[in-house]
Amino acid sequence: MQEKALSKGQVLTIGLMLFALFFGAGNMIFPPFLGQQAGENVWTGIIGFLITGVGLPLLGVIAIAKTGGDLQTLANRVNPTYGIIFSIIMYLAIGPLFGIPRTGTVAYEIGVIPFLSEGTPKYGLSLFIYTIIFFGVTMWLAMNPSKIVDRIGNVLTPALLIILAILVVKSFVTPMGEPQAPQGDYMEGPFFKGFLEGYLTMDTIAALVFGIVVINAIKEKGIVSRQSLTKVCITAGIIAAILLALVYLSLSYIGATSGGAIGIKDNGGAILSASAAHLFGSLGTIILGLAITFACLTTSVGLVSACAQYFAKILPIPYKLLVIILSIFSMIIANVGLTQLIAFSLPVLIIIYPLAIVLILLSFMHNWFNGYSSVYIGALIPTGIVSFVDGLKTAGLNVSIASDTLSFLPLFNEGIGWLVPAIIGAIIGFILASILGESKKAIEAR
């Protein structure tokens with residue numbers, strides 16, 4: 001029986017679904033902050049950001065499609081034990097440690113803070129009460145996932161895009177100002193700074209976690225062969241990538257032109273909220289706040305549900321109890337505030353992101369090096385060492401001895417010193433596997 005091809009409309013629907021999966025809290029808050037910090041160098045910075053914020057997530061989805069499995073299936077190519085550990089770390093990062101709490105803090109930053117009276121503490125009792133309500137609703141909805149979450153997402157994602165489009169058009173018609181002088185690392189290395197800032201969206205990790213969702217959606221439409229799955233994933237991924245890129249370019253422009261009108265802000269949520277108020281008054285703030293609040297809630301429910309389902313498979317804990325644990329834990333973490341949460345998450349993401357990048361890139365060359373696990377191990381070990389040092393340095397710890405030792409590496413000062421060691425390690429791994437031989441049975445199992 002011949003496999004039925006999907007129509008353009010069906011592929012578009014899958015592409016929009018993938019975009020909706022990616023379009024969460026980080027997608028809205030980091031581009032405006034990049035724009036304001038980069039100022040006159042905004043376009044150089046955003047190019048680097050698009051590589052890690054759009055290009056790598058697209059490759060991640062395709063990598064999962066090519067394996068025909070999920071994140072753990074991909075990571076098992078290194079080693080089964082590594083596959084479990086790496087998957088757990090990725091789920092914790094995109095889930096209760098950073099991703100889920102961030103949905104609550106972004107919703108609070110944009111939906112509540114603009115309406116607090118002067119003198120009211122931003123991150124005290126009001127944040128605590130809000131996160132109790134936010135994650136209480138998250139827990140209730142995630143207990144029994146139903147079509148209500150899909151309906152919220154299907155309505156609010158287009159609505160949010162329309163609101164952002166109106167905001168962008170208004171910012172072009174009546175500009176808030178001109179881009180100002182770049183700040184910090186955007187003065188000397190805007191491209192590499194933007195590249196590293198793209199880590200904060202966590203979309204590459206999301207691609208590895210949610211890739212199986214896209215595959216299942218395609219399979220439900222009658223596509224089962226690996227080749228057809230990959231082809232549809234690529235097309236859908238391109239659709240999602242184009243939409244993400246347009247959103248990022250638009251929001252970074254708003255941030256770049258906002259400094260003179262609203263002042264320098266601590267994070268992108270504050271920039272976006274203040275910009276909406278400046279361009280449209282209190283009505284703009286209300287509409288933007290409501291839309292983003294429900295969009296973040298939808299993302300929160302999806303992440304809690306996905307993490308609970310994964311951990312229920314590997315732990316002797318029932319799904320509903322995990323939902324309660326994840327929701328309460330995320331509520332506690334969210335109370336550190338958005339700026340502090342971003343500052344805390346960056347060093348961790350600096351450590352784990354290069355590992356995800358190398359794993360994705362190697363998956364596209366899997367057949368070229370005969371699937372040797374030695375190639376994966378040879379690439380990932382030096383990547384992990386260099387990125388660990390980078391993460392500690394980003395956290396402000398004194399690692400001068402390690403940094404000085406590794407400073408000879410190309411692009412080390414730019415935060416991408418792991419690249420050349422990964423390539424050399426992969427080559428060494430291939431040579432060793434070719435000389436010493438690697439079990440054919442083990443290779444076929446991967």
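A residue counts as buried when its relative accessible area is under 20%, as exposed when that area is over 50%, and as partly exposed in between. Met202, at a relative accessible area of 1%, is therefore buried in this predicted model.

**Met202 and the second largest cavity**

Met202 belongs to the loop between α9 and α10. Although Met202 is not a glycine, its phi is positive, at about 60 degrees. Met202 is also one of the residues that line the second largest cavity, together with Phe30, Phe98, Arg102, Leu200, Leu341, Ile342, Ser345 and Leu349. The whole structure holds three cavities of 30 Å³ or more, and the second largest encloses about 40 Å³ of space. Its lining comprises seven nonpolar residues, one polar residue and one charged residue. Helix α16 (residues 338-363) supplies the largest share of this lining, namely four residues.

**Aromatic pairs**

Fifteen aromatic pairs are found in a search of the whole structure. Two stacked pairs are set out below.

| Stacked pair | Centre to centre | Angle between planes |
|---|---|---|
| Tyr91 and Tyr310 | 4.1 Å | 5 degrees |
| Tyr199 and Tyr353 | 4.5 Å | 15 degrees |

In the pair of Tyr91 and Tyr310, Tyr91 sits in helix α5 (residues 80-97) and Tyr310 in helix α14 (residues 282-314), so the stacking ties together parts that are 219 residues apart in sequence. Tyr91 and Tyr310 are both buried.

The pair of Tyr199 and Tyr353 likewise links distant parts of the chain, 154 residues apart: Tyr199 is in the loop between α9 (190-197) and α10 (203-219), and Tyr353 is in helix α16. Tyr199 has a relative accessible area of 1% and is therefore buried. Tyr353 counts as buried because its relative accessibility is 0%. The loop between α9 and α10 thus contains Tyr199 as well as Met202, while helix α16 carries Tyr353 and contributes four residues to the lining of the second largest cavity.

Elsewhere, Tyr108, Tyr130, Phe134 and Phe135 form one aromatic cluster.

**Helices α1 and α17**

Helix α1 (residues 8-22) contains 15 residues, and the distance from its first C-alpha to its last is 21 Å, close to the 21 Å expected at 1.5 Å a residue. Which residues of α1 are buried? They are Val11, Ile14, Gly15, Leu18, Phe19 and Phe22. These residues lie on the same side of α1, because they cover an arc of only 145 degrees around the axis.

Helix α17 (residues 373-394) has 22 residues, which should span 32 Å at 1.5 Å a residue; its end C-alpha atoms are 31 Å apart, in agreement with that expectation. Just after α17, Gly396 adopts a positive phi of about 90 degrees.

**A further positive phi**

Leu411 is another residue that is not a glycine but has a positive phi, here of about 65 degrees. Leu411 is found in the loop between α18 (400-406) and α19 (419-436). With a relative accessibility of 31%, Leu411 counts as partly exposed, whereas Met202 is buried.

**Contacts between separate parts of the chain**

Three pairs of C-alpha positions show how parts of the chain are placed relative to one another. Asn41, in the loop between α2 (25-38) and α3 (42-67), is 149 residues from Pro190 in sequence, yet their C-alpha atoms are 6.5 Å apart in space. Asn41 has a relative accessibility of 21% and so counts as partly exposed.

Phe280 lies in helix α13 (residues 268-280). The C-alpha atoms of Phe280 and Ile166 are separated by 10.0 Å, and the two residues are 114 residues apart along the chain. Phe280 is partly exposed, as its relative accessible area is 37%.

Ala308 belongs to helix α14, the helix that also contains Tyr310. Between Ala308 and Lys320 there are 7.8 Å in space, C-alpha to C-alpha, and the two are 12 residues apart in sequence. Ala308 is buried, with a relative accessible area of 0%.

Key. Residues numbered from 1 in each chain as written. Predicted model: local features only at pLDDT ≥ 70, side-chain atom pairs only at ≥ 80, totals over all residues. Heavy atoms only, no water. 1 Å grid on protein atoms, 1.4 Å probe; cavity = no way out; pocket = protein on both sides within 12 Å on 5 of 7 lines; lining within 4 Å. Points joined across faces, edges and corners; volume = space filled by probe spheres on them. Helix = DSSP H or I, 4+ residues; strand = E, 2+ residues; numbered from the N terminus. Nonpolar A, V, L, I, M, F, W, Y, C, P; charged D, E, K, R; others polar. Expected span 1.5 Å × (residues − 1). Buried < 20%, exposed > 50% of the residue type's maximum accessible area, 1.4 Å probe, protein only. Arc of directions from axis to C-beta. Phe/Tyr/Trp six-rings, centres within 6.5 Å; stacked < 30°, edge-to-face > 60°.
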